[in-house]
Amino acid sequence: MPRFSVIVPVYQVEDYLAECLDSVLGQGGPDLELIAVDDRSPDGCGPMLDEAAADPRIRVLHLPENVGLGRARNAGLEVATGDYVIFLDSDDTLTPQLLKSVDDRLAATGDPDVLVYDYARTYADGRITRAASAHVFGAASPDVFDLAARPDLLDLLQVVWNKAYRRDFVTAQQLVFPAGYYEDTPWTYPVLLAAARITLLDEVGVHYRQRQEGGNILATASRKHFDVFAQYDLVFAFLDHRPDLDHWRPVVYGRMLHHLNTVVSKPGRIPPGDRREYFRRAAAHCARLRPAGYRPPPGVDGVRTELLSHGRYGAYQAVRALARARRLVKR
């Protein structure tokens, strides 16, 4: 049985795939298996994977139809045999010797449920910039803890690819990815909320490629961004089945509002003609999920999220316009 199963869903990344695979296969340290899931990629990725499978550490799954990132990960998870599972997107790379560092940390902390590491953004001009979350990893912390000891982990970018998950823990929690955009959301929140033993590794483990040619679906205008509502329904459905975690509802609700605001405020996500509908959906969604103990944050962010949660599109736009005007005056 390998120590690590690295699951890589693959779709339209033939320019980056070799570098991604090499970053995994070049790791030193413990045994690994690389499970590459060809999500019916229409380019040359399938043949590239078959050629790479000459390495006995690689297992290639060719899906009969395109199912999307979340379900492709599920396909890899179904055949994984490692003690720990790591997810890596096929246009990103692991940093050298990451798995050795992860293995050392896991051994030193008694094989916890989840290990979290940091990431850096990489750019076409060669720049590498560590994420703004570095202070979270550098803060004083117990070696092993649950979320109550470090609630600031919920302030991190909620992605699946900056963690190593004990596979027995994943199985016990019955964790799977849903279809649609923002599929990381109903995975990462339950993971952090349910894990009894978490540890941190203060290292950059992933180079997160900032693609310029439209490879990032989150920067593409589409009604698919409305999927964010269904994904948070799954998060709160998880909480419905865990009354012992009920005290986290106000915190998760606040993080949800922040996320909903990010989706609608980032240019190029919600098509202009659909913005009012997004606000109507947000109002109905938040009215249904708002917990009694929630208190909005102070300042402009709190004003914006409250306006969004009540569907006040006109007032929200006015607040944004006022903020832009103030920035111009300062300049």
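Student: In which handedness of crossing does H11 pass H12?

Tutor: This is a predicted model, in which local features need pLDDT of at least 70, side-chain atom pairs count only at pLDDT 80 or more, and totals for chains, interfaces and linings use all residues. Residues are numbered from 1 along each chain as its sequence is written, and side-chain values use heavy atoms, without hydrogens and water. A crossing is left-handed if the near helix is turned anticlockwise from the far one by less than a right angle, and right-handed if clockwise. For H11 and H12 the crossing is left-handed.

Student: At what angle do helix H11 and helix H12 pack?

Tutor: Helix H11 covers residues 299-309 and helix H12 residues 313-330 (DSSP runs of H or I, at least four residues, numbered from the N terminus). Their axes, lines fitted to C-alpha atoms over the stretch in contact, lie 9 Å apart. The angle, on a scale from 0 to 180 degrees between N-to-C directions, is about 155°.

Student: How is H11 oriented relative to H12?

Tutor: Angles under 35 degrees count as roughly parallel, over 145 as roughly antiparallel, 65 to 115 as roughly perpendicular and the rest as oblique. The packing angle is about 155°. Therefore H11 is roughly antiparallel to H12.

Student: Which residues in H12 do Val300, Val303, Arg304, Leu307 and Leu308 in H11 meet?

Tutor: Contact requires heavy atoms within 4.5 Å. The H12 partners of these H11 residues are Ala315, Tyr316, Val319, Arg320 and Ala323.

Student: What is the phi of glutamine 97?

Tutor: Most residues other than glycine have a negative phi. Glutamine 97 lies in the loop between strand E5 (93-94) and helix H4 (98-108). Although not a glycine, glutamine 97 has a positive phi of about 65°.

Note on methods:
Helix = DSSP H or I, 4+ residues; strand = E, 2+ residues; numbered from the N terminus.
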